[in-house]
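Q: I'm new to this structure and would like a close look at one part of it. Could you walk me through the helix that I should look at beside the DNA, and then show me what surrounds it?

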2 protein chains.
Amino acid sequence: MAETTPNTYTISELAKEFNITTRAIRFYEDKGILNPSRKGQKRIYSPRDRILLKLTLRGKRIGFTLAESQKLFDMYQHGEDNKDQLETMLATLDEKDALLTQQKLDIEEMEAELQAARERCFSAIKKIDNA
Amino acid sequence: MAETTPNTYTISELAKEFNITTRAIRFYEDKGILNPSRKGQKRIYSPRDRILLKLTLRGKRIGFTLAESQKLFDMYQHGEDNKDQLETMLATLDEKDALLTQQKLDIEEMEAELQAARERCFSAIKKIDNA
DNA sequence: GTTTACCTTTACGTTAACGTCAACCTTGAG
DNA sequence: CTCAAGGTTGACGTTAACGTAAAGGTAAAC
């Protein structure tokens, strides 16, 4: 058999992998995002915990709060039977999607401006060098 | 002559246009982002103030802090002659640009997941309706 | 057996970005 | 004149997302 992916992680392994502190990881647990099991008093993280952590961090990078990520995860897991909850979730998803669309526009405009600023920079430096 | 764009704004006009509070606008002034003139004690905003405000809000939407926006504006204005400052600015711009690139990836992945979640939602609702 | 390296809980501190009064001008309308 | 609509300056309150000790358990290594 080939290498099998480990099916548990320690807190510091995850911290290292995602370049965050163990404090942050415990904090996410407080917020109900992660639910590691315990071996004695030590936390043991499953691949599922790892995925949730990854998604959470990705969410953060695009401006999701922890509460928002948690809410999405929560709906994703427990909303299979309740129609109202499913529809709330759909609304939330649409709302988030609209935000992402706006963000993409913002990013493109911002990139254009950064590029313009960069060019201004270059020519200003050239001017100095040729002085 | 056709309609000319107004060249001054009151604080509440800007607040209404951008759907923020006057408190926020004054806060941005505290942070050195805006520099309205005064008529008596009242603030008068120029088109330039308005643009800076707009850029600031756009920056916020993609995760720039006020300090970061302020720093960019500041460099943009006072860095024309200092080579070191120009190079610092270039580095900052590159850094920001890398972040934006990552953000675009994050957004696309997140959109894919939202779409998947949406489809799960739909079929779950259908199931309920057909039960 | 005692460092050393991680792990734990508890709890107060911190920063950003405003919100929310309070207490006070001012100015055009009636 | 007065009063309602907006504007002003403090200044304290709030939320999110951790940072930063403090004080201790535990287990493999020497």
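What follows is a guided look at one helix and its surroundings.

A: Happy to help! This is a predicted model, in which local features need pLDDT of at least 70 and side-chain atom pairs count only at pLDDT 80 or more, while totals for chains, interfaces and linings use all residues. Residues are numbered from 1 along each chain as its sequence is written, chains are lettered from A and ligands numbered from 1 in the order in which they are written, and side-chain values use heavy atoms, with hydrogens and water left out.

Let's start with helix α2 of chain B, residues 22–30. Helices here are DSSP runs (H or I, at least four residues), strands are E runs of at least two, and both are numbered from the N terminus. Within α2(B), the residues B:Ala24, B:Ile25, B:Tyr28 and B:Glu29 are buried. They sit on the same side of the helix because they cover an arc of only 150° around its axis; the arc is that of the directions from the helix axis to the C-beta atoms. On the other side of α2(B) you will find B:Arg23 and B:Asp30, which are exposed. Buried means under 20% relative accessible area and exposed over 50%, with partly exposed in between (1.4 Å probe, protein chains only).

What covers the buried residues? The cover includes α1 (11–18), β1 (37–39), β2 (42–44), α3 (47–61) and α4 (66–78) of chain B, where contact means heavy atoms within 4.5 Å. Just after α2(B), B:Gly32 takes a positive phi of about 85°.

Now turn to the DNA. α2(B) gives the most to the surface near DNA strand C, with four residues. Others that supply at least two residues each are α1 (11–18), α2 (22–30) and β2 (42–44) of chain A. Of the 17 residues around DNA strand C, A:Ser12, A:Arg43, B:Thr21, B:Tyr28 and B:Lys60 come nearest; a residue is near a strand if one of its heavy atoms lies within 4 Å of it. B:Tyr28 is thus named twice in this tour: it is among the buried residues of α2(B) and among those nearest to DNA strand C.

Some polar contacts (pairs of N or O atoms within 3.5 Å) are worth finding on screen. An N or O atom in the side chain of B:Arg23 is 2.9 Å from a base oxygen of DNA strand C. From chain A, the side chain of A:Ser12 places an N or O atom 2.8 Å from a phosphate oxygen of DNA strand C, and a polar side-chain atom of A:Arg38 lies 3.1 Å from a phosphate oxygen of that strand.

α2(B) also has a part to play at DNA strand D. There, a polar side-chain atom of B:Arg26 lies 3.0 Å from a phosphate oxygen. The elements giving two or more residues to the surface near DNA strand D are α2 of chain A together with α1, α2 and β2 of chain B. At that strand α2(A) gives the most, with four residues.

Finally, look at how the two chains are related. A rotation of 180° with 0.0 Å of shift along its axis superposes chain A on chain B, with an RMSD of 0.0 Å; copies are superposed by least squares on the C-alpha atoms of residues with pLDDT of at least 70 in both. That is the relation of a two-fold axis. In chain A, the C-alpha nearest the axis belongs to A:Gly63, 3.1 Å from it.

Terms used:
A polar contact is a pair of N or O atoms within 3.5 Å; within protein, one must be able to donate a hydrogen and the other to accept it, and residues adjacent in sequence count only if both atoms are side-chain atoms.
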